[in-house]
Amino acid sequence: MKTIFYFKKTKTSGEVSRIWNEDSFFGYQYLNGVNPMLIKKCSKLPENFPVSSRMVASSLGTSTDLHKEMQNGNVFVADYKILHGVPTNDKINGKLQYIAAPMCLLWKDPQDQLLPIAIQLGQTPGERTPIFLPSDNEWDWTLAKIWVRNAEFQVHEIVYHLLHTHLFAEVFDIATHRQLPRNHPVYKLVIPHLRYTLDINTLARIHLISPGGVFDKTNRTLGTDLQDILPISSYS
C-alpha cells in the first residue's frame with residue numbers, strides 16, 4: 001500500500017497499510033468493501049465445513065459456544081463454492097496459477113466486530129483440506145485469509161461486477177431500445193443510466209476478456225474461458 005500510494009497518500013491508504021492484517025479489518029471488508037453480497041447468516045454449518053465448538057473456543061471465549069452464537073444470529077459464513085472447478089490461468093509469466101474455493105466462518109463479537117474464526121480452503125473436507133484457525137501459526141492464518149481475499153476478488157470481479165452489473169445492464173439496455181418508444185416514461189427514466197453500457201461492455205470484450213486481454217495477462221481466471229461462459233448479446 002505504501003509503495004502504490006507513495007505519490008498520493010491518503011488517510012485511508014495509510015490506515016489500511018497499518019491494519020491490513022488485523023482480523024477485525026478482514027471482517028470489516030465483508031460489509032464495507034467492494035462486495036457485501038456474499039456473506040450470509042449461518043444458523044447451521046454446511047455439511048462440508050466441519051467446524052467444532054472446540055476448534056473456535058479460544059476465539060469465542062468461555063462465556064459462550066458456537067452453537068449458542070449460531071442460535072443468537074451472531075455467526076456468518078462466506079462460501080466461495082462457485083469457484084470450485086474453475087480452470088486457472090497458466091499464462092502469467094509462464095507460471096501456473098491457483099484458485100481456492102474457500103469457506104470462511106465469521107463471528108460478530110460483543111463489540112460488534114465481525115471476526116473470522118475458521119477458514120477451509122476447499123469444498124471437500126479432509127486431511128488435505130485442513131481448517132485454519134486464528135490460534136494457528138500467525139503466517140498460516142495470514143495466508144489462509146489472503147487466499148479468501150483472493151477468492152473474494154475473483155467472485156466480485158467475475159460475478160457481481162462483470163455479470164451482475166455490466167452484462168445484466170446490457171440486457172435491459174437492448175430491451176429498452178428495442179421495445180420502448182422514446183417518449184415512453186420508462187424509457188426516459190432509465191436511458192440516462194444506460195448511456196455508456198454498450199460502449200464499455202464492447203471495450204471489455206475487446207480488451208478485458210478477449211484472448212490475450214487483461215484477464216489472461218493478470219488474473220487467475222481466464223478471459224478466454226469467460227467468453228465461453230458469458231454469452232455475447234446480439235445487437236442485430
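Helix α5 and helix α7 (residues 197-208) pack at an angle of about 135°, with their axes 9 Å apart, and that angle makes α5 oblique to α7. In passing α7, α5 forms a left-handed crossing. The residues that make this contact are H166, L167, A169, E170, D173 and I174 on the side of α5, and T197, L198, I200, N201 and R205 on the side of α7. Sorted by class, the contact of α5 with α7 consists of five nonpolar, three polar and three charged residues. These values, like the others in this report, come from a predicted model.

## The protein as a whole

The secondary structure of the protein amounts to nine helices and five strands, and along the sequence these elements follow the pattern α-α-β-α-α-β-β-β-β-α-α-α-α-α. Taken along the principal axes, the box that the C-alpha atoms of the protein fill is roughly 65 × 45 × 40 Å. The protein has 236 residues, of which 39% count as buried. Of the contacts in the protein with a separation of 6 or more, 62% are accounted for by residues 24 or more positions apart.

## Helices α1, α2 and α5

Helix α5 (residues 138-179) also packs with helix α2 (residues 23-32), here at an angle of about 15° and with the axes 12 Å apart. That angle makes α2 roughly parallel to α5, since angles under 35 degrees count as roughly parallel. The crossing in which α2 passes α5 is left-handed. From α2 the contact draws on D23, F26, Q29 and Y30, and from α5 on W141, K145, V148, R149 and E152. By class, the contact of α2 with α5 has four nonpolar, one polar and four charged residues.

Which residues of α2 are buried? They are F25, F26, G27 and Y30, and the elements against which the buried residues of α2 pack are α1, β2 (75-79), β3 (103-108), β4 (114-120) and α5. Two of these buried residues, F26 and Y30, also appear in the contact of α2 with α5. An α-helix has 3.6 residues a turn, so residues three or four places apart point the same way.

In helix α1 (residues 11-19), the buried residues are S13, V16, S17 and I19. The buried residues of α1 pack against α2, and α1 is in turn among the elements against which the buried residues of α2 pack.

## Cysteines

How many disulfides does a search of the whole structure find? The search finds zero disulfides. C42 is in no disulfide, and the nearest cysteine sulfur, that of C104, lies 11 Å away. From the side of C104, the closest cysteine sulfur is in C42, and the distance of 11 Å is too far for a bond, because a disulfide requires a pair of cysteine sulfur atoms within 2.5 Å. C42 is buried, with a relative accessible area of 1%, and C104 also counts as buried, at 0% relative accessibility.

## Residues in loops

Three loop residues are set side by side in the table below, with their places and their accessibility.

| Residue | Loop | Relative accessible area | Class |
|---|---|---|---|
| N48 | between β1 (40-41) and α3 (53-60) | 23% | partly exposed |
| D112 | between β3 and β4 | 57% | exposed |
| N137 | between β5 (131-132) and α5 | 46% | partly exposed |

Leaving aside residues up to four places away in sequence, N48 touches M103, Q120, Q123 and P125. N48 and L198 are 150 residues apart in sequence, and from C-alpha to C-alpha they are 41 Å apart in space. L198 is one of the residues that α7 brings to its contact with α5.

N137 and M1 are 136 residues apart in sequence, while their C-alpha atoms are 24 Å apart in space.

What is the phi of D112 near? The phi of D112 is near 65°, which is a positive value in a residue other than glycine. Most residues other than glycine have a negative phi. D112 counts as exposed, at 57% relative accessibility, and its place is in the loop between β3 and β4, two strands against which the buried residues of α2 pack.

Note on methods: Residues numbered from 1 in each chain as written. Predicted model: local features only at pLDDT ≥ 70, side-chain atom pairs only at ≥ 80, totals over all residues. Heavy atoms only, no water. Axes fitted to C-alpha atoms, helices over the stretch in contact; angles between N-to-C directions. Helix = DSSP H or I, 4+ residues; strand = E, 2+ residues; numbered from the N terminus. Parallel < 35°, antiparallel > 145°, perpendicular 65-115°, else oblique. Left-handed = near helix turned anticlockwise from the far one by under 90°. Contact = heavy atoms within 4.5 Å. Nonpolar A, V, L, I, M, F, W, Y, C, P; charged D, E, K, R; others polar. Buried < 20%, exposed > 50% of the residue type's maximum accessible area, 1.4 Å probe, protein only.
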